[in-house]
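Q: I would like to learn how to read a structure one feature at a time. Where should a reader begin?

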Amino acid sequence: MKAFIKISAVLLLVLIALILGGGIYFSKQVKPLLIKELNEQLDVKVEVEEVELTSLFNFPRLGIQFKNVTIHEAIEYYEQPMLEAQELNLYVDFLKLLRREYVIDAVSVYKGQIRLADTENGSNYDIFVNDTSDSDPVSFAINDLDLIGCQLSYKHLGSEFSLASDISNASVEIISTAESTNINLKGSLVADSITQSGDRYLKGQTLDLKTEIFLRENFKKVVVSPSELVVDGVKLAVDGVITLDDISYIDLNFNNKESELNKIIPILPDYVQDLFAHLDMEGLAEIKGYFKGEIGENTYPSFGIEYRLDDGTLQSKTDELTLNNIKAQGELSIPSLGNMTSAWVKGKIDRASSGSDYISGKFWVENFEHPLIKWDGKVSFKASTLSTLMASERLKLQSGDVSMIGMFELRYNPDKQEVSQNSFKYIGEVRGRNIQGKYEDPDLDIHQLNIHMLATDRQIVIKQCEMAFNESDISLRGYIRNTNDLFSTRSKSEITGSLEANNLNINNFISSSGDSSKSEIDKILFPYKLILDTKINGLTFNDFTANNIKGTLYSNRRELKIPNANIDALEGSANASIKFTTLGNYYLLDINSKINGMNITHLFRDFNNFEQNEITADHISGKLSGTLLAKVMFDSDFEPALDKLYAKADVEILEGALIGYEPLKELSTFVEVSELENVKFSKLSNTIEIFDQTIFIPKMYIGNSALSIELEGTHTFENYMDYHLNINLIEILAQKSNWFAKKKLQRIEDNAHGGLTAYVHMEGTPDNLKITYDKLSMKKVVNEELQEEKREFIRVLKGQEQEDDTPDSYYEDIWDE
């Protein structure tokens, strides 16, 4: 304050010199004296390019104009001058100064940069030299401080408050006494940003301010009288107290009688605005709020709002959802702006509607970092609105109604963007009536969907869930248990009950997008555990059809299985254990089945010849019984991985035939017997394995009354054959093939049935197939015969009778008479 008095005295000296000496003396002598005195009385460096005298015709009101003024910081913070101004004008009343009335009529700063900061080391604008004398303080006043076209920056590090704004025009009146300082402020600025602890409150909004501020107790207490604050047309009444000391404190109240809601939202803190980021909101709103509490490095004030909305409108930015005639009220509380876990909002919607859609009830949201959301009320809307709320690109519901009466709550994890585990609760009733629509890829035409569910604390009763789609219909009744985990990505919820389906076509559920870019499979096959007594009346998968399937369907999220399914299909029946699961980057279909009397031709045709072309439905006929074990791997596009296919069939075929089977067809030319192109048999038994893209066929008998064949070998999926065959022909066919003439030259031997046996090796592809007499097989047979003769010789020596181990049914059972 004493520095101010000294500066005023210098100004008085300057003005006297002006009167006595005129402008020439001022420019040559007084200007250097003035700048020198300013630098001596200020604790910072002052630079002035020009000092000019304003008009003397307004005497006794005189003024000095400083051009290109620079005043540096008292302590370094911005590392830039505290004040830079193109012009700084100072006006005083000469006669008042003579009477020791320290009044500055006006100060104007034109096109200036003002950078102010309060730090832990002090203020960068504390520019006056400390005065240690005991002189009494002196009152002073600045009647009018004008800021024109200036930029203002302010930071208070203790409270983490900052302000950046463009001031188009602001007028300040300052009256200072020994006890207090009063500041009347009126002006307009564009607040580029106002932040508190990193949260932005204003971003480029126009701020009009009319207030009176009282500074008490050596400027450590700021009292804001009832003031008018207008932000982009929103009028707020503000009053309160701010204490700036070692422990700073704020107690500000504000209220708005009635303004447009879409103008109020942008002036709220970021964390509040984020709650409404996806919505456009209109209507007349009234708010009443406060900032209150300590401000420090680790302490934050509280923030709260009470609100009321009349005749509001809500429009989603992401879809066509609109609610009109909204009447709501409630409050928002953030006990500590540095801790969003303590924040909460609650409210009551008396009614909001859109056509026949409406919603009413109470809501709560607690903990803004991991929100706990609660609702208690009524909701009724068209199914098309539900489709919009779900924001699904694939599901489009066109007609029907959905209603919900009850209470639910859930906790949401914004980091994982999912509902937290074990957090969902619902008590009430849900109905869906006559819902129709379409689901795209896979394409499902929903002809009708009806749902009726009742929920208690931990269980939902599915009284009705019936859906008709495409040519199929499904009915589900039962229970959903552990409903508190229903919407978790690791849900432990369980659906039990009964499922019945008619004309179920699995092909309808297979996507046709053909997205070959997919590399990883969905590890979760079904989001919930299932235990459903299942009955399917008519099932189709690819070309396979089954009349009836009965069993219990289980799921543990990564696996779907029916461990004991009874199936009527392919003119026969089967009892099967079927499991579909994930394995690494593949899906695995695991089948273990007992088959009885199935048409083998239909079996091969319906299952696309088991993804191979060597033995097809065109090559085989008969009735199939036995056991089948198959493990089929599928990639993300449900294409079979043939290199990982495994199958084992221990089967018996009755009344069968091999028709045009390539190995036998080729032999018909080799042995000149056309009967080999169509071999009929009454019974065939064998165990065949498929793995490594190869069919492994152990030795088996194929025959009829004219001939019999022992066949073993391998056949790859690339159609490479490696077969060993023993062909037995009766005498008539042997003569027809001229084998008697070849007997001495080739590996042809007499057999026990009045004919000849040829040992043949077949190897290669159909385009390059080599057929030769099999010397190794012949040698093996000769060795076996020699061993048998040795065993017979020993039996004779011991006096034992010869055992006839030739099957009695060799002709009757194996060959077709």
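A: Begin with burial: a residue is called buried if its relative accessible area is under 20%, exposed if over 50%, and partly exposed in between. The model shown here is predicted. Asparagine 256 has a relative accessible area of 2%, so it is buried.

Q: In which strand is asparagine 256 found, and which residues does it touch?
A: Asparagine 256 belongs to strand β13, which covers residues 248-260. Leaving out residues up to four places away in sequence, asparagine 256 touches Val234, Lys235, Leu236, Ile264, Ala285, Glu286 and Ile287.

Q: Which backbone oxygen lies 2.8 Å from a polar atom of the asparagine 256 side chain?
A: For a polar side chain, look for N or O atoms within 3.5 Å. Here the backbone oxygen belongs to lysine 235, at 2.8 Å from the side-chain polar atom of asparagine 256. Lys235 is also one of the residues in the contact list of asparagine 256.

Q: Let me try serine 472. Is serine 472 buried or exposed?
A: The cut-off for buried is under 20%. Serine 472 has 4% relative accessibility, so it counts as buried. Serine 472 sits in strand β25.

Q: What lies 2.5 Å from a polar atom of the side chain of serine 472, and which residues is serine 472 in contact with?
A: The atom at 2.5 Å is the backbone oxygen of asparagine 503. Beyond its neighbours within four places in sequence, serine 472 is in contact with Met467, Asn502, Asn503, Leu504, Asn505 and Asn508.

Q: How do strands β25 and β26 pair?
A: Read a strand pair by its direction and its bridges. Strand β25 spans residues 472-481 and strand β26 spans residues 494-505; they are antiparallel, with nine bridges. One bridge to locate in the view sets glycine 478 against glycine 497 in β26.

Q: Which way do β26 and β27 run, parallel or antiparallel?
A: Parallel: strand β27 (residues 529-541) is joined to β26 by 11 bridges. To find the register, take isoleucine 495, whose bridge partner in β27 is leucine 530. Strand β26 therefore has an antiparallel partner in β25 and a parallel one in β27.

Q: How many bridges join β31 to β32, and how many join β32 to β33?
A: Strand β31 (residues 586-599) and strand β32 (residues 620-634) are antiparallel and share 11 bridges. Between β32 and strand β33 (residues 646-659) there are also 11 bridges, again antiparallel. As reference points, aspartate 590 has lysine 631 in β32 as its bridge partner, and serine 625 stands opposite glutamate 652 in β33.

Q: How many aromatic pairs does the structure hold?
A: Ring pairs are read from the centre distance and the angle between planes. The structure holds eight aromatic pairs. In one of them, phenylalanine 254 and phenylalanine 303 are stacked, with centres 6.3 Å apart and 20° between the planes. Phenylalanine 254 is in strand β13 and phenylalanine 303 is in strand β15 (residues 302-316), so the pair ties together parts 49 residues apart in sequence. Both rings belong to buried residues, at 11% for phenylalanine 254 and 1% for phenylalanine 303.

Q: How is the pair of phenylalanine 291 and phenylalanine 303 arranged, stacked or tilted?
A: Tilted: the centres are 4.8 Å apart and the planes make an angle of 45°. Phenylalanine 291 lies in strand β14 (residues 279-295) and phenylalanine 303 in strand β15, 12 residues apart. With a relative accessible area of 18%, phenylalanine 291 is buried. Ring pairs thus join Phe254, Phe291 and Phe303 in a cluster.

Q: How many disulfides does a search of the whole structure find?
A: The search finds zero. Burial can still be read for the cysteines: cysteine 150 counts as buried at 2% relative accessibility, while cysteine 465 is partly exposed at 21%.

Q: What do the totals for the chain look like?
A: The chain has 11 helices and 40 strands. Of its 817 residues, 44% are buried. Among contacts between residues at least 6 apart in sequence, 54% join residues at least 24 apart. The exposed area is about 42,900 Å², of which carbon and sulfur atoms supply 51%.

Conventions: Residues are numbered from 1 along each chain as its sequence is written. This is a predicted model: local features need pLDDT of at least 70, side-chain atom pairs count only at pLDDT 80 or more; totals for chains, interfaces and linings use all residues. Side-chain values use heavy atoms; hydrogens and water are left out. Two strands pair if DSSP finds at least two bridges between them. Helices (H or I, at least four residues) and strands (E, at least two) are DSSP runs, numbered from the N terminus. A disulfide is a pair of cysteine sulfur atoms within 2.5 Å. Buried means under 20% relative accessible area, exposed over 50%, partly exposed in between (1.4 Å probe, protein chains only). A polar contact is a pair of N or O atoms within 3.5 Å; within protein, one must be able to donate a hydrogen and the other to accept it, and residues adjacent in sequence count only if both atoms are side-chain atoms. Contact means heavy atoms within 4.5 Å. Accessible areas come from the Shrake-Rupley method with a 1.4 Å probe; for residues, only the protein chains shown count as cover. Rings of Phe, Tyr and Trp (its six-membered ring) pair if their centres lie within 6.5 Å; planes under 30 degrees apart count as stacked, over 60 as edge-to-face and the rest as tilted.
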